[in-house]
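Here is a quick walk through one model, with an eye on helices, cores and cysteines. Have the coordinates open as you read.

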Amino acid sequence: MSSVTTTRDGDQYVKIVTVSPTVKAVAGSLGGVVEACMLQPIDVMKTRLQLDHSGHYKGMVHCGRTIAKEEGIKSLWKGLTPFVGQLTLKYALRMGSNAFFLELMRDQDGKLSQGARLGAGLGAGVSEALLVVTPFEVVKTRMQQQKGTDKALLKYRGPVHTAMTVAREEGVMKLWSGATATTIRQGSNQMSLFWGKSVCDGLFYGKYEGDGKLLSPAQSAASGFVAACIGPILNNPFDVVKTRMQAANKGGPQYTGFMHCLKSIASNEGMLALWKGLVPRLARTPPGQAIVWSVSDQITGYFERQRRAQCSAPPLVENLRFTPPLNRPARQQLWEFGFVDDGIKQSQVCFVSRNPHAMSFFDVKAASGRFEGVTRPYTEQDVQRLRGSVKVEYTLAQRGADQLWELLKSEDYVHALGALSGNQAVQMAKAGLKAIYLSGWQVAAETNTAGSTYPDQSLYPVNSVPELVKRINNALQRADQIEFAEGKVTRDYFLPIVADAEAGFGGPLNAHELTKHLVHAGAAGVHFEDQLSSEKKCGHLGGKVLVPTQSAVRNLIAARLAADVAGTPTVIIARTDAHSANLLTSDIDDSDKPFCTGKRTPEGFYYINCGVKLAIARGLAYAPYADLIWCETSTPDMEDAREFAEGIHAQFPGKMLAYNCSPSFNWERNLSKEQIATFQQELGKMGYKFQFVTLAGYHALNYSMFDLASGYRERGMAAYSELQQREFAREKDGYTCVKHQREAGTGYFDAVSEIVSGGQSSTGALKGSTEASHRNKTDTTDGLHRVTAQRSCWHRVAPSRAAAAARRQPRHQAVLAAAGGGTDALHLFSPSKINVFLRIMRRREDGFHDLASLFHVIDLGDDMSFEELAGTASADVLTCNMDGVPTDDSNLVIKALNLFRTKTGRSQRFKIDLAKRVPHGAGLGGGSGNAATTLWAANELCGRPASVEELLLWSGEIGSDISVFFSNGAAYCTGRGEVVENVPPPLPLNTPLLLVKPPVGLSTPEIFKALDLDRRSTADPRQLLARLAAEGATQELTVNDLEQPAFDRLPELLQLKQQLQAEGSCYSSVFMTGSGSTIVCVGSDSIPSFLSDARYTGMFVSPARFITRQRGEWFAGPSQKAAPQAPTAVVA
């Protein structure tokens, strides 16, 4: 139970990150061990002095010398074992329980009052007194009061013997003698200790819990020493009473209770006797606490810093909203992991609302950690004042920014090409690129709204880049619409676009407006450079003039403000041309002065010393205001790139960088072919997460046309025919432009015409076209018929609900259709899996097993429908077509929904209809597939509060196999199966499979229990994976270590496998999947004739194929649009 909260520090809000009570408990116990070993002699002296009725000892020093002289030096360490045990448990309980109580007592703002600190300390002291201290101290006291070291002469011969003797002779409750006094003493001790330590840390060193500041061991020891003096001085009488009562045995003084003992000591020995042992207590307790705190502060400080690094943002993906109370001064109403620079100090602040209706106009949807380390020198009220009264949503900009950020955080690097047109962008998507770059150079040269050709000097109209962003998004949307209408969306076309905002076309106001228009057009990211806009040049031209550093910073702030006003997490990239620009408009900025030469140009500009050092200085200035930093260079110089990266990361560890793999470079003149091949990978290792070829579209367009025109001039149609044949050859790789009528949307608009005319249109353009008559006709007509067949139910979807569904759902194979009564239902295919090989590596101490397996998702699956229930619903509703399937909380579907709500803080309830095809107890992971599909569906319907990576991570809490369904379809899994590594499918996806399962199932726990580890395979799983890809599925490679226990428990399963193998060349491999009882046949889906025998009545038999999924999409099954069917069964 660690926490991430904010608390107020004067006029600032400071983030508080605390570690868990478990960490504090471990830190305290280690400190206790060190203390016990060092200070045990003092504890022995204290005990002897408090038990001295006759005045035998003349003070602490005399007591120590006497013990050492009469009994030997070892006697000063009497009771060390119980003392170490006591302190280890005591400090673990003390530190852990205090941390626990502190978390409970924080107010809604995460703050702790002084009363709460005192209460938490009291709770910790009482807990340790009753659970640990009292019985341990009874044992310790009895041992320490004995004189001598000869065990034969001692009554108590060890801690266990002492405890057993006391319990046997005097009763078990005697071990809790003095519990009242001990509880009072420990409660007051810890109440004063924890309160005093917190006060001392703040007064002496300005250190407060969770602020990330780490005290030195000496500082921790000093504050711990002072705080530990308070308790003993106040509560020494209780300690004396406690010691007398715990030492009382049948032969000594007897006390009837706490008050009787207190009065007896005061009347018989005087009031000062109640402060006996105070000096050794002060000699032992404060030094002991100094030792403990010097150890525990270092341990908790280490974990606190780690926790701050990991939890700088809320642990879940959620809507981040402005939530400071309206009566706070404007200067305090800061937001979202920003930093506020008031000229004095910077403080990290965070306002997070989990209430989606808290402030309806100020939500900015963003991923976990999205704005970590980003500076915003403006307030929520500033943004509110600029927003207006109507919240306009920019779906493509929002979606693209989220997608781009996820790629930047999850990929080694994201590489993109510069697109010159919408069609080029579509081809980039079809070819598998994950992002698009939009270059201002290309806009200047080709696609500006002036319809002219310009050099890269900001001569074109300012709306040109936003218009091209819009044009590209329109083209991507049309490609998506065409495939969606045909019922076979193959990819997510809406790639994030990073657009060139050049130098902003002016000052901060121009930068603000340009960013706004780019967001409106659907850009995911924008970049600004630090050149003077009126003298702007391509980065590879001369004559570049930089603006002062703070002028460039203001442009970045303006860009961020525009995105915040729009409500989008637009990725801001800061580019510096300082590597090669040698002119500066003004030397007014102190950060620029070290690089100025003092010379001026005729225009009044200042000459500067350009290079990597200046680029680093500017990059550091821009880093707090930008998401990525880009240094424009003149050559592909790896050493310059490394120096720049190291310079930025020295102050901003982990700051993402961007790199222009420019066509202006002569790559082979600067690098070898081998260096070029690994150039981007090496950059990625340095932190250059976004890499792009700016002018790729320009050069591809011009060279391809020049090449065709040259050939056409010489050879006429032969040259064009060769181009066409090259196009046809690439169809197998996903190239579709050979069907240019379809590509432009002819079939799509035929579908529009069909719907408008009620299916009676006779003017369809594609039917009877040259393309339809000379190419495969089924692609477009099938899609047209599907659209026509669905049109009758489209009108049932209320427009507002449909729009909301479209915003929250990606274009994957799910069908979002009306389910009657105007209610949206999300229909998903729920796949199953097979284990192509399964190695059991070892049995773990926790009783589970580590495995290594190639999982592959297959197209045998169930159908699931999901609907959101009204907000008043208190429970999920699950229905299933298969008898015997539980529909209560024991079903993984309901467990998945409960997990989703726990992790995201959502309260939404759902209605789920489950149409089962996958049999139970088959080793096919049908239930796991249902759980994974449910997590995906809930996340989609709730607006994606979690990333796919988070869903994968969470799924391991309710089942080991669930995580495989969040892979791409083929996954090498280790651990319990929850460690998932995506791998390319080692076998062709169209490989025919036949699944055969007898009517009896197998229990997975029972199979693992019966596993004989000595009878396992010895094959290396990594070699199995490599050989499968090279050789295909053979009997040797499809290993399953669970076949042995499964066949032992179900011999007829072994007979079934052997009979299937006897089919000869029909199958290349026959093996059991998972823990059984399904047998998989690879190479053919034909059903053997022997299965028609009466012995195999009720046998489940089904063909199958391997399937994968695209990023951002869910798995698609072969019968997703069809009504659920019963499993195939061969019956005699």
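Which residues in H5 are buried? They are Thr162, Thr165 and Val166, where buried means under 20% relative accessible area, exposed over 50% and partly exposed in between (1.4 Å probe, protein chains only). Seen down the axis of H5, these buried residues fall within an arc of 95°, so they line one face of the helix; the arc is taken over the directions from the helix axis to the C-beta atoms.

Before going on, some ground rules: this is a predicted model, where local features need pLDDT of at least 70 and side-chain atom pairs count only at pLDDT 80 or more, while totals for chains, interfaces and linings use all residues. Residues are numbered from 1 along each chain as its sequence is written, and side-chain values use heavy atoms, with hydrogens and water left out.

**More on H5.** Helices are DSSP runs (H or I, at least four residues), numbered from the N terminus. H5 covers residues 159-170, and its 12 residues reach 16 Å from first C-alpha to last, close to the 16 Å expected at 1.5 Å a residue; that expected span is 1.5 Å times one less than the number of residues. On the face turned away from the buried side sit the exposed residues Val160, Met164 and Arg168. The cover over the buried residues includes helix H4 (114-144). After H5 comes Gly171, with a positive phi near 100°.

**Asn473 and the cores.** Asn473 is in helix H14 (residues 464-486) and counts as buried, at 5% relative accessibility. A polar atom of the Asn473 side chain lies 3.0 Å from the backbone oxygen of Ala521. Not counting residues up to four places away in sequence, Asn473 touches Leu396, Phe494, Ile497, Ala521 and Gly522, contact being heavy atoms within 4.5 Å.

The largest nonpolar core (buried Ala, Val, Leu, Ile, Met, Phe, Trp, Tyr and Cys residues joined through side-chain atoms within 4.5 Å) has 82 residues, and Ile472 is one of those with the most contacts inside it. Helix H16 (residues 549-566) gives this core its largest share, eight residues. Apart from it lies another core of 63 residues, among them Phe910 and Phe966.

**Cysteines.** The whole structure has zero disulfides, meaning pairs of cysteine sulfur atoms within 2.5 Å.

| Cysteine | Nearest cysteine sulfur | Relative accessibility |
|---|---|---|
| Cys229 | Cys200, 9.4 Å | 21%, partly exposed |
| Cys1066 | Cys1081, 7.8 Å | 25%, partly exposed |

Technical notes
Helix = DSSP H or I, 4+ residues; strand = E, 2+ residues; numbered from the N terminus. Polar contact = N/O pair within 3.5 Å; in protein donor to acceptor, adjacent residues only side chain to side chain.
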